[in-house]
Amino acid sequence: MVLQTLVPLEKFVDEFELENVTPDIEYEDIQLEQKYVNRPALQITGFFDHFDSARIQIIGRIEYTYMYNQSPEVRQEVIDKLFSYKIPCMVFCRSLEPFPEMYEAARKYSVPIFKTATGASELYSEATKWLNTEFAEKITMHGVLIDVYGEGLLIIGESGIGKSEAALELIKRGHRLVADDAVEIRKISHKVLTGTCPELIRYLIEVRGIGILDVHELYGAGAVKASQNIDIVVKLVSWDKEDNYDRLGLEDEYIEILGNKIVCKTIPLRPGRNVAVICESAAINHRQKRLTRPEGTIKQRLNL
């Protein structure tokens, strides 16, 4: 069963630092149900067919000028109809002042109105991007996410196999920690997965025998990162001499996360192997393949 994602309107207001011009209208309990916003150009002309009233409504200079040039009677009729759809909120851009008729309709239908100095096009773009992230499908995976030379490296494996120790060595080598133990993964698009860390354990790493380390405090702000796209997965497994492990790397293996296919490298562990260096090499090699695509050249060198 798929549950509908809801985003508090209050979170949107705080994110974009909107000014509340209707303080008498409570909006703390309003939940956003749509990941898109709308500029009601057609609606202010009286056309409401296919109007998605669940979207945040943005008023820019064009919409404002059109309503300004209408007679008060026509303007009031359109505004009343627009607000009667119980839209989540109305946002005026470029610090434009709402019409008196809007304050009346806002109180009548309990719809909050906000202002911002940001332009309508910029707000539309940034709000859509932010809402897409907030409404994205998400899961939590057990693993460690590291930014290695700009590549998002997700290390997975059984508990106690050495994921955090490998991450700690990578941090000492100048790479950045995103999440340890629990990685929150969001599906931004059919090609992009973004990983973050739960607030409670952000920038903390657990090393057995030592305890919990605060990477931000120990290694500085340059050793951590808030979020990172996931580009490659490294799966740590115990060495089994009966298994046949990939030695040439000519064909990529994949793991599926939220329907997206991500390149996955299985690294067998045994004493003497430097896991951090192997992970670092996997990230560099993946970046090189992505940028220069040298697979054909390698095959030609090996006469395959």
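This report describes the overall form of one predicted chain, then its sheet, a helix, a hairpin and several single residues.

The model is predicted, so local features need pLDDT of at least 70 and side-chain atom pairs count only at pLDDT 80 or more, while totals for chains, interfaces and linings use all residues. Residues are numbered from 1 along each chain as its sequence is written, and side-chain values use heavy atoms, with hydrogens and water left out.

## Overall form

The chain has 9 helices and 17 strands. These elements are DSSP runs numbered from the N terminus, with helices being H or I of at least four residues and strands being E of at least two. The radius of gyration is 26 Å, well over the 19 Å that the globule rule gives for 304 residues, so the chain is more spread out than a compact globule. Here the radius is taken over C-alpha atoms, and the globule rule is 2.2 Å times the number of residues to the power 0.38. Along the principal axes, the C-alpha atoms fill a box of roughly 85 × 50 × 35 Å.

Of the 304 residues, 45% count as buried. Buried means under 20% relative accessible area, exposed means over 50%, and partly exposed lies in between, with a 1.4 Å probe and protein chains only. The chain exposes about 17,000 Å², of which carbon and sulfur atoms supply 48%; accessible areas come from the Shrake-Rupley method with a 1.4 Å probe, and for residues only the protein chains shown count as cover.

Contact means heavy atoms within 4.5 Å. Among the contacts in the chain with a separation of 6 or more, 68% are between residues 24 or more positions apart.

There are 37 positive and 46 negative side chains, and the centres of the two sets lie 8 Å apart. Lys and Arg count as positive and Asp and Glu as negative, without His and the chain ends; the place of a charge is NZ of Lys, CZ of Arg, CG of Asp or CD of Glu.

## The mixed sheet and helix α4

An open sheet of 5 strands runs in the order β2-β7-β6-β5-β4, with mixed pairing. Its edge strands are β2 and β4 (37-38), each of which pairs on one side only. Two strands pair if DSSP finds at least two bridges between them. Strand β5 (residues 56-59) pairs with β6 in the parallel sense over 3 bridges, and Q57 has M90 in β6 as its bridge partner.

E19 lies in strand β2 and is partly exposed, with a relative accessible area of 46%. Leaving aside neighbours within four places in sequence, E19 is in contact with I113, F114 and K115. The C-alpha atoms of E19 and T116 are separated by 6.3 Å, although the two are 97 residues apart along the chain.

In helix α4, the buried residues include E101, M102, Y103, A105, A106 and Y109. Their cover includes α2 (61-68), α3 (72-84), β6 and β7 (113-115).

K86 sits in the loop between α3 and β6 and is partly exposed at 49% relative accessibility. Not counting residues up to four places away in sequence, K86 touches S53, Y109, S110 and V111. By C-alpha atoms, K86 and G150 are separated by 44 Å, with their positions 64 residues apart along the chain.

## The hairpin and residue E151

Strands β12 (residues 204-207) and β13 (residues 211-214) pair in the antiparallel sense over 4 bridges. The bridge partner of E206 in β13 is I212. This hairpin has 3 residues between the strands.

E151 is found in strand β9 (residues 151-157) and is buried, with a relative accessible area of 2%. Beyond its neighbours within four places in sequence, E151 is in contact with I146, Q228, D231, A283, H286, R287 and R290.

## Positive phi values

The table lists residues with a positive phi.

| Residue | Phi | Place |
|---|---|---|
| E17 | near 50 degrees | loop between α1 (9-15) and β2 (19-20) |
| S95 | near 55 degrees | loop between β6 (90-92) and α4 (100-109) |
| S110 | near 55 degrees | follows α4 |
| G209 | near 95 degrees | hairpin of β12 and β13 |

Of these, E17 is exposed, with a relative accessible area of 71%, and S95 is partly exposed at 44%.
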